[in-house]
Amino acid sequence: MGLTSWGVIHLVVGVALVIAGLRVLTNKSWGRGAGATVAGISLITQFMFVPYYPAWAIPMMTLDLVIVFALTRLHIGTGGQ
């Protein structure tokens, strides 16, 4: 797979991350699940991208792991009392 193909893949995943991130910020019910899923997909694509740009891919993999961890933690709403 060439670098142009990887660029298109990263562009599509990036747009999906932005959309999921906006849904998390607007507190949509599906935003957290979509964000964790897309961040997991991004983690996999970054892992495959390491041979081309390791100085970029490794920090992005770390960021993706932090995002997945943060979005899958128990979320307690502020409503109620």
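Helix axes here are lines fitted to C-alpha atoms over the stretch in contact, with angles running from 0 to 180 degrees between N-to-C directions. The model is predicted.

**Figure 1. Crossing of helix 2 and helix 3.** The axes of helix 2 (residues 31–49) and helix 3 (residues 54–72) approach within 9 Å and cross at roughly 160 degrees. Helix 2 is therefore roughly antiparallel to helix 3, since angles over 145 degrees are placed in that class. The crossing in which helix 2 passes helix 3 is left-handed.

**Figure 2. Residues between helix 2 and helix 3.** On the helix 2 side, the contact is made by Arg32, Gly35, Ala36, Ala39, Gly40, Ser42, Leu43, Gln46, Phe47 and Phe49. These meet Trp56, Ala57, Met60, Met61, Asp64, Leu65, Ile67, Val68, Ala70, Leu71 and Thr72 of helix 3. By class, the residues of this contact divide into 14 nonpolar, 5 polar and 2 charged.

**Figure 3. Crossing of helix 1 and helix 2.** Helix 1 covers residues 3–25. The axes of helix 1 and helix 2 come within 9 Å, at a crossing angle of roughly 160 degrees. This makes helix 1 roughly antiparallel to helix 2. Helix 1 passes helix 2 in a left-handed crossing. From helix 1, the contact involves Leu3, Trp6, Ile9, His10, Val13, Ala16, Leu17, Ala20, Arg23 and Val24. From helix 2, the participants are Gly31, Arg32, Ala34, Gly35, Val38, Ala39, Ile41, Ser42, Thr45, Gln46, Met48 and Phe49. The contact of helix 1 with helix 2 has 14 nonpolar, 6 polar and 2 charged residues.

**Figure 4. Surroundings of Thr45.** Thr45 is placed in helix 2. Its relative accessibility is 9%, so Thr45 counts as buried, the cut-off being under 20%. Leaving aside residues up to four places away in sequence, Thr45 touches Trp6, Ile9, His10 and Val13. Those four residues also appear on the helix 1 side of the contact with helix 2.

**Figure 5. Asn27 in the loop between helix 1 and helix 2.** Asn27 belongs to the loop that lies between these two helices. Most residues other than glycine have a negative phi. Asn27 is not a glycine, yet has a positive phi of about 60 degrees. With a relative accessible area of 60%, Asn27 is exposed.

**Figure 6. Leu22 and Gly35.** Leu22 sits in helix 1 and is partly exposed, at a relative accessible area of 45%. Leu22 and Gly35 are separated by 13 residues in sequence and by 9.4 Å in space, C-alpha to C-alpha. Gly35 is among the helix 2 residues that contact helix 1, and Gly35 is also one of those that meet helix 3.

**Figure 7. Thr62 and Leu74.** Thr62 is a residue of helix 3. Its relative accessibility of 46% means that Thr62 counts as partly exposed. Thr62 and Leu74 stand 12 residues apart in sequence, with 21 Å between their C-alpha atoms.

**Figure 8. The protein as a whole, for orientation.** The protein has 3 helices and 0 strands, in the order α-α-α along the sequence. Its C-alpha atoms fill a box of roughly 55 × 20 × 15 Å along the principal axes. Of the 81 residues, 20% count as buried. The accessible surface is about 5,800 Å², and 73% of this belongs to carbon and sulfur atoms. Among contacts between residues at least 6 apart in sequence, 55% join residues at least 24 apart.

How values were computed. Residues numbered from 1 in each chain as written. Predicted model: local features only at pLDDT ≥ 70, side-chain atom pairs only at ≥ 80, totals over all residues. Heavy atoms only, no water. Parallel < 35°, antiparallel > 145°, perpendicular 65-115°, else oblique. Left-handed = near helix turned anticlockwise from the far one by under 90°. Contact = heavy atoms within 4.5 Å. Nonpolar A, V, L, I, M, F, W, Y, C, P; charged D, E, K, R; others polar. Buried < 20%, exposed > 50% of the residue type's maximum accessible area, 1.4 Å probe, protein only. Areas by Shrake-Rupley, 256 points an atom, 1.4 Å probe, with all protein chains shown as cover.
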